[in-house]
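This report describes a ligand and the pocket around it. Please look at the sequence and the structure before reading on.

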Amino acid sequence: MSSLFEGLASQWRPMTAADLPAVAAVAARVHPDYPEDDAVFAERLRLYPAGCLVVAGAQELLAYAVSHPWHRLRPPALNSLLGALPAAPSTYYIHDVALLAQVRGGGTGAALVARLVAQARSAGLAELSLVAVNGSDGFWRRQGFADVDEPALADKLASYDAAARLMARRLG
Ligand SMILES: CC(C)(COP(=O)(O)OP(=O)(O)OC[C@H]1O[C@@H](n2cnc3c(N)ncnc32)[C@H](O)[C@@H]1OP(=O)(O)O)[C@@H](O)C(=O)NCCC(=O)NCCS
C-alpha cells in the first residue's frame, strides 16, 4: 500500500452538516443508479452522527460512509426516511459507502470497515449488515460478510436493483 493510500485510510473523520452538499455530490457521481434525496443523508447524520464519516481531500470530498444501528433482516427501502432509530437494535446497518474512483483499491474501504466494526461493538451490537449493490459483494466478502438468504426481502431488495443482496458479518 502506498503512503498516499495509508494516509487516506486514516483520514476518515466524522461527517458534519457542512459536508452534506459535498456528500450529495459524491453520491451523484458514484451512485447515479441509486439516487437518494438530500433529506436521507441529513436524517441519518441527525439520528446517528457516530456512524457518518467522510474522507476529505485538498480540493473535494473523496468518500463518505453512512451507518447506524437497525433491525436485523429489515433493510430500509432505497431513498426512505427512518423516522427514528430502534430502541432495541439488533444489527449495525451500513447504509451507504462511496469512494470516488481515484481513491479506490488502496485500503480506504477496508480501513472504514475496521472503524465501523469498532463502532458496532461500542454500540453493543454483534452483527453488521448491508445491502450490497454495484458489484461490491466481492469487497464485502473479503471483509468477512456473507449472503443472508431471506426470500421475504425480495421486493425490498428490488428497490435497489435486481442483483442487490443482503449480507451480514457476525462479530466474534
Ligand atoms: C466498494 C468500495 C467501498 C471498496 O473500497 P476500496 O477502498 O476500493 O477497497 P479496498 O482497497 O479497501 O479493498 C479491500 C480488499 O477488497 C478487494 N476489493 C475491493 N473492491 C472489490 C470488489 N468490487 N470486488 C472484489 N474485491 C474487491 C480488494 O482487492 C482488497 O483485497 P485485499 O485485501 O486482498 O488487498 C469502493 O471501491 C467503492 O466505494 N466503490 C464504489 C461504490 C460502491 O460500490 N459502494 C458499495 C455499495 S454497497
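Which side chain has an N or O atom 2.8 Å from an oxygen atom of the ligand? The side chain is that of Arg-142. The model is predicted, so local features need pLDDT of at least 70 and side-chain atom pairs pLDDT 80 or more, while totals for chains, interfaces and linings use all residues. Residues are numbered from 1 along each chain as its sequence is written, and side-chain values use heavy atoms, without hydrogens and water.

The table lists polar contacts of the ligand (pairs of N or O atoms within 3.5 Å).

| Ligand atom | Protein partner | Distance |
|---|---|---|
| Oxygen | Gly-109, polar backbone atom | 2.7 Å |
| Oxygen | Arg-142, side-chain N or O atom | 2.8 Å |
| Nitrogen | Val-97, polar backbone atom | 2.9 Å |

Taken alone, the ligand exposes 920 Å², and the protein buries 70% of this area (Shrake-Rupley method, 1.4 Å probe).

The shell around the ligand holds 23 residues, with Gly-105, Gly-107, Gly-109, Ala-110 and Arg-142 coming nearest (a residue is near if one of its heavy atoms lies within 4 Å). By type, the shell has 10 nonpolar, 11 polar and two charged residues; Gly counts as polar, and Asp, Glu, Lys and Arg count as charged. At least two shell residues each come from strand 4 (91-99), helix 4 (108-122), strand 5 (127-132) and helix 5 (137-142). Helix 5 has the largest share, four residues. Helices (H or I, at least four residues) and strands (E, at least two) are DSSP runs numbered from the N terminus.

The ligand takes up the space of the largest pocket. A pocket is an open set of points on a 1 Å grid over the protein atoms alone, with protein on both sides within 12 Å along at least five of seven lines, and lining residues have an atom within 4 Å of a point. A molecule sits in a pocket if more than half of its atoms lie within 2 Å of the grid points.

This pocket contains about 630 Å³ of space, the volume filled by probe spheres set on the points. Its lining has 30 residues, and nearest the centre are Val-97, Asn-134, Ser-136, Phe-139 and Trp-140. Strand 4 gives the most to the lining, six residues.

How values were computed
Polar contact = N/O pair within 3.5 Å; in protein donor to acceptor, adjacent residues only side chain to side chain. 1 Å grid on protein atoms, 1.4 Å probe; cavity = no way out; pocket = protein on both sides within 12 Å on 5 of 7 lines; lining within 4 Å.
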